[in-house]
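This report walks through one protein chain, part by part. Keep the sequence and the 3D view open while reading.

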Amino acid sequence: MLTTIILSIILMISIFIMIWSAVALIQQKKFFTTAPKDIQKVIIERNERFQGARLLGYVIALICMIAFIGAFIYGAYDGIVHHYTLMMFFIRFIIMLYLYKAFDIIFLDWFFTYKITFLSTLFSRNQRL
């Protein structure tokens, strides 16, 4: 059970850092193509904050993607080593995904978007939604 919680925390940390690298370092509109059309209109392209910022952002995002996928792979490997049944695997991955989704809803969607307006760095000061 402790392994499942630790793997869930790795999922949460990796998705947070991946979003941070996209917003703070990469800053390209192509990452926000799934956003609603009215939000896409106010997102502006920005120059690099410093030389190599986009490259650093891509490297950080790649490391986070590897960690995200690696958490599931290690969860499967650990289950095989400990002779998990199919139901035990199912419960482990359901717990991991539910904890990740709770983090997504509470922390990323509610806290960042509405409480501290983390994504406001994408919008110019004169434009409002």
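## Leu99 and the nonpolar patch

Leu99 is found in helix α4, which covers residues 86-115. The model is a predicted one. Leu99 has a relative accessibility of 31%, so it counts as partly exposed, since the partly exposed class runs between 20% and 50%.

Leu99 also belongs to a nonpolar patch on the surface, together with Met1, Ile5, Ile9 and Ile13. The accessible area of these residues together is about 440 Å². Helix α1 (residues 2-26) gives the largest share of the patch, 3 residues.

## Confidence along the chain

The mean pLDDT of the protein chain is 83, and 87% of the residues score at least 70. Among the elements, confidence is highest in helix α3 (residues 53-81), with a mean of 94. Confidence is lowest in helix α2 (residues 37-42), with a mean of 74.

Over residues 124-129, pLDDT stays under 50. For this stretch the model has 7 contacts beyond four places in sequence.

## Two salt bridges

How many salt bridges are there by the rule used here? The count comes to 2. Side chains of opposite charge can pair when their charged atoms come close.

One salt bridge joins the side chains of Asp78 and Arg92, at 3.0 Å from N to O. This pair links distant parts of the chain, with Asp78 in helix α3 and Arg92 in helix α4, 14 residues apart. Asp78 counts as buried because its relative accessibility is 8%, and Arg92 counts as buried because its relative accessibility is 3%; the cut-off for buried is under 20%.

The other salt bridge is formed by Asp104 and Lys101, whose closest N and O atoms are 3.0 Å apart. Both residues lie in helix α4, 3 residues apart, which is about one turn of the helix. Asp104 has 14% relative accessibility and therefore counts as buried, whereas Lys101, with a relative accessible area of 42%, is partly exposed.

## Around Asp78

Which residues is Asp78 in contact with, leaving aside its neighbours within four places in sequence? They are Thr3, Tyr84 and Arg92. Arg92 is thus listed as a contact of Asp78 and is also its salt-bridge partner.

A distance can be given for Phe89 as well. Asp78 and Phe89 are 11 residues apart in sequence, and their C-alpha atoms are 9.9 Å apart in space.

## Ser21 in helix α1

Is Ser21, in helix α1, buried or exposed? Its relative accessibility is 0%, so Ser21 counts as buried. The side chain of Ser21 reaches the backbone oxygen of Met18 at 2.8 Å.

Apart from neighbours within four places in sequence, Ser21 is in contact with Ile26, Gly57, Ile60 and Ala61.

## Tyr100 in helix α4

Tyr100 is found in helix α4. With 19% relative accessibility, Tyr100 counts as buried, because the class takes in values under 20%.

Not counting residues up to four places away in sequence, Tyr100 touches Leu11, Met12, Ile15 and Phe68. Ser8 offers a comparison of sequence and space: Tyr100 and Ser8 are 92 residues apart in sequence, yet 6.3 Å apart in space, C-alpha to C-alpha.

Note on methods. Residues numbered from 1 in each chain as written. Predicted model: local features only at pLDDT ≥ 70, side-chain atom pairs only at ≥ 80, totals over all residues. Heavy atoms only, no water. pLDDT = per-residue confidence, 0-100. Helix = DSSP H or I, 4+ residues; strand = E, 2+ residues; numbered from the N terminus. Contact = heavy atoms within 4.5 Å. Buried < 20%, exposed > 50% of the residue type's maximum accessible area, 1.4 Å probe, protein only. Patch = residues over 30% accessible without salt bridge, like charges linked within 9 Å, V, L, I, M, F, W, Y side chains within 5 Å. Areas by Shrake-Rupley, 256 points an atom, 1.4 Å probe, with all protein chains shown as cover. Salt bridge = Lys/Arg side-chain N within 4 Å of Asp/Glu carboxyl O. Polar contact = N/O pair within 3.5 Å; in protein donor to acceptor, adjacent residues only side chain to side chain.
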